[in-house]
Amino acid sequence: MKYALASALVLQSTVVLGNLLPVHFKAPTAQHFLDIVRNDTYDFGCRPNAKATDDGKFTLHALLTEDQIAYLSKEYENVADITIHRLDITKRAATAPIGTGDRFQAGAVTPSGLGTKASGSTISSIMNVKEIGSAVQGLVSAYGVGTVTLPYKTFNGATQTAAYVGAGTDKSQYRLYFSAGMHARERGGPDQIIYWVSDLLAASKAGTGLTYGKKTYTNAQVKSVLAAGIVFFPLVNPDGVTYDQSSGSLWRKNRNTKSGSSGSSIGVDINRNFDFLWNFRKYFDPSEAPASTSPSSETFYGSAAASESETKNHVSVYDSFPKIRWFMDIHSATGDILYNWGDDELQSTSTTMNFLNAAYDGKRGALGDTAYKEYMPAADATNIKSVAAKTATAMKAVGGRSYTSMQSVGLYATSGASDDYAFSRYWAKPGANKVHGFTMEFGYSTNFYPTLSEFNQNILDTNAGFMDWSLAAIAVGLD
Ligand SMILES: *[C@@H]1O[C@H](CO)[C@@H](O)[C@H](O)[C@H]1NC(C)=O
Ligand SMILES: [Zn+2]
């Protein structure tokens, strides 16, 4: 059934970012949004996420075109349950600039994070694609960080690199894996991971601790996080980021033209392309839309599971570092720490009700029902909830915005996402290590281009989050 979109749109003058307008829907329950989220022509950011508000209602953020807003207002006119509001971003400060040139001078200058600087210090711009590469090179030069050239070139011919540090040359000693920059427009993710690793290395060398806002960490904590072995893949989608930084178009996907060669039909959503229930039409309840088969959708799943070079490169890191136990994918922007699973609610009672069991094909993804819930051993569920909660608590304690932890399915399912793929490997691939998958959604809802002050606050928040996530993971266990 369709709920009606009541009252007129709240009309305000709005700055256009690309041709997408940030809006939010408001309704008495999250279920009111089901028809809206099932329309794969709409853009809900990383994944649709309805949030409870102080007045007992729910909001759902989206980026819509004028045509889509017009369509929805007509479609839902006459009933007062759902309202749509444009976000007034005219009062916002200008978005943070992108670096020009190369602040790290091809690796001659070492990156230095906020955790080792005086309180109130700031970074003055977001790294451009070249700077992300030369920052990693700077860590190689200054600290002997190791790098791995990943096997596949991107559609536009970029070579991709992952880096590793802290546990020596034996790649089977590395337990923590971070990636960023999968969704091009989610500005600041690569910067956050690079500056954090820079902080760890500088503090370790100087024998000091780290400070992020009101959160402090000791040198012993820094050393224990490094000793866990950190692998980081700071820029998963260089083609998309190059395009986004030059166009300011809120570009999300990669730039593969195989399935579409113009406008929004270009590109695959890398975070729906992983080999986890990828072929959602077969595996999910037909009424669910965890991804899209349409090339022009922001959640277009690609031409096959792991069809994209970026996805294959991301997966190759598990093969190079076979004992990775904990994975964090850095996204924005909702202010959440998400833990497995994302395809359905989790349950720990029926081992046979799992993503590999064909008996449940066509039943997955509907929430609040009993037809299907994804299996997870009870001990794993307890552990990951606790790690996610500690991460959110640390991020909140920095003193900026509030963060919450929740299961990644939230109120709507996804397929083919990096965090679920990470955890699924243990069951799907004989001999694969068990990897707990998390997604950090830093920043404010639909605010993909932070202001300079938000960009700096995001660095502090996430870096404290990375510290406590790592410490909590170490406490649960690395083997
Ligand atoms: C999705 O929304 C568009 C308008 O924005 C509309 O044309 C289309 O019919 C909708 N699709 C479905 C399946 O409702
Ligand atoms: Zn994202």
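This report covers a zinc site, the residue Phe455 and helix H6 in a predicted model.

## Zinc site

The zinc ion (ligand 2) takes its protein donors from Cys46 (SG), His183 (ND1), Glu186 (OE), Glu186 (OE) and His331 (ND1), at 2.0 to 2.3 Å. Along the sequence, these donor residues follow the spacing C-x136-H-x2-E-x144-H. Cys46 sits in the loop between helix H1 (34-37) and strand E2 (50-52), while Glu186 sits in the loop between strand E7 (176-180) and helix H4 (189-206), so the pair ties together parts that are 140 residues apart in sequence.

Both Cys46 and Glu186 are buried.

## Phe455

Phe455 belongs to helix H11, which covers residues 452-476. Its relative accessible area is 0%, so Phe455 counts as buried, the cut-off being under 20%.

Leaving aside residues up to four places away in sequence, Phe455 touches Ala96, Ile123, Ser125, Ile126, Gly188, Asp191 and Pro450. Phe455 and Arg187 are separated by 268 residues in sequence, yet their C-alpha atoms are 8.3 Å apart in space.

## Helix H6

Helix H6 spans residues 238-247, and its buried residues are Pro238, Asp239, Gly240, Val241 and Asp244. These buried residues of H6 pack against two other helices, H3 (129-143) and H8 (309-320).

After H6 comes Gly248, which has a positive phi, near 60°.

Notes:
Residues are numbered from 1 along each chain as its sequence is written. Chains are lettered from A and ligands numbered from 1 in the order in which they are written. This is a predicted model: local features need pLDDT of at least 70, side-chain atom pairs count only at pLDDT 80 or more; totals for chains, interfaces and linings use all residues. Side-chain values use heavy atoms; hydrogens and water are left out. Helices (H or I, at least four residues) and strands (E, at least two) are DSSP runs, numbered from the N terminus. Buried means under 20% relative accessible area, exposed over 50%, partly exposed in between (1.4 Å probe, protein chains only). Contact means heavy atoms within 4.5 Å. Donors are N, O and S atoms within 2.8 Å of the metal (3.2 Å for Na, K and Ca); water is not among the atoms, so sites may look incomplete.
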